[in-house]
Amino acid sequence: MGKFQVMAFVPYLSIHKLSDDGDVNTTGLGDITVLGNYQIFSKTKIGTETKSSITNTLWLGGGIKLPTGASAVDVGHLDFTVGDFSSTPGTGSTDYIINVMHNLIIANNGIVTNFAYRINTANSQQFQYGNRIYFSMAYFRSLVAGTLVIRPTLGLNLVVNAANRYLDQEVAGSQGYLLNGMAGVNLQKGKLGLLVNCALPLSQDFYHGLTQFKERESVALTYSF
């Protein structure tokens, strides 16, 4: 692995939202994110008794989230609420990300810790998501079956959200946090990979408890150049 790492995320979202105004189901391309990391530290040590390797790697980087997903909301509709902005696949804004990632690998076991801070800007309809802090920690184990590498994972993910703004006014109650428990599996064969993950809320607080996030599933295809 080189000292530079470039990643691109192209999401396709399916959103189901249940409220007093009825069900909303939306699908479509989300906002594409491009991240670049630089390896600022890497050290491998071989255990004298177990002979297994211990590797510590630290990455520092940043990136940009592009407004590629559909985000337009009919603000003139009689039933319009600020919450309608959260029902679109995209945000309509160009946002900036600072990222720090640490990998600890002991033999076939590993722990990945990631911290990111996203600086959000206002979109063309003057809605702006609050800046966000992301923190995650996940344990994985690598299992080999022929040319296939199987990595089951288990971890936690925390998102802390500053208040959203609309028409340069703070949206009351929109600041809060969401703590998810995560479980999944990563299948890797050569340069091609498949990731399947499930996130289940363990604790959350948005809009004084009136807004509740439910479980989230994701499937991703990866290709390493």
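1. Ile 54 sits in strand S5, which covers residues 53-65. The model is predicted. At 32% relative accessibility, Ile 54 is classed as partly exposed, because that class lies between the 20% and 50% cut-offs.

2. Setting aside neighbours within four places in sequence, Ile 54 touches Lys 43, Thr 44 and Lys 45. Leu 104, Ile 105 and Ile 106 are also in contact with Ile 54. Glu 215 is another matter: Ile 54 and Glu 215 are 161 residues apart in sequence, and their C-alpha atoms are 35 Å apart in space.

3. One open sheet has three strands, in the order S8-S12-S13, with antiparallel pairing. S8 (127-128) and S13 (169-170) are the edge strands. Each has a single partner strand, so one side of each lacks a neighbour in the sheet.

4. Within this sheet, S12 (residues 165-166) is joined to S13 by two bridges. The two strands run antiparallel. Arg 165 stands opposite Glu 170 of S13.

5. On the whole protein: it has 16 strands and zero helices. Its C-alpha atoms fill a box of roughly 70 × 30 × 30 Å along the principal axes. Among contacts with a separation of 6 or more, 56% come from residues 24 or more positions apart.

6. Burial and surface: 30% of the 225 residues count as buried. The accessible surface is about 13,900 Å². Carbon and sulfur atoms hold 63% of that surface.

7. Charge: there are 15 positive and 14 negative side chains. The centres of the two sets lie 22 Å apart.

Definitions and conventions. Residues numbered from 1 in each chain as written. Predicted model: local features only at pLDDT ≥ 70, side-chain atom pairs only at ≥ 80, totals over all residues. Heavy atoms only, no water. Pairing = 2+ DSSP bridges. Helix = DSSP H or I, 4+ residues; strand = E, 2+ residues; numbered from the N terminus. Buried < 20%, exposed > 50% of the residue type's maximum accessible area, 1.4 Å probe, protein only. Contact = heavy atoms within 4.5 Å. Areas by Shrake-Rupley, 256 points an atom, 1.4 Å probe, with all protein chains shown as cover. Lys, Arg positive; Asp, Glu negative; His and termini not counted. Charge placed at Lys NZ, Arg CZ, Asp CG, Glu CD.
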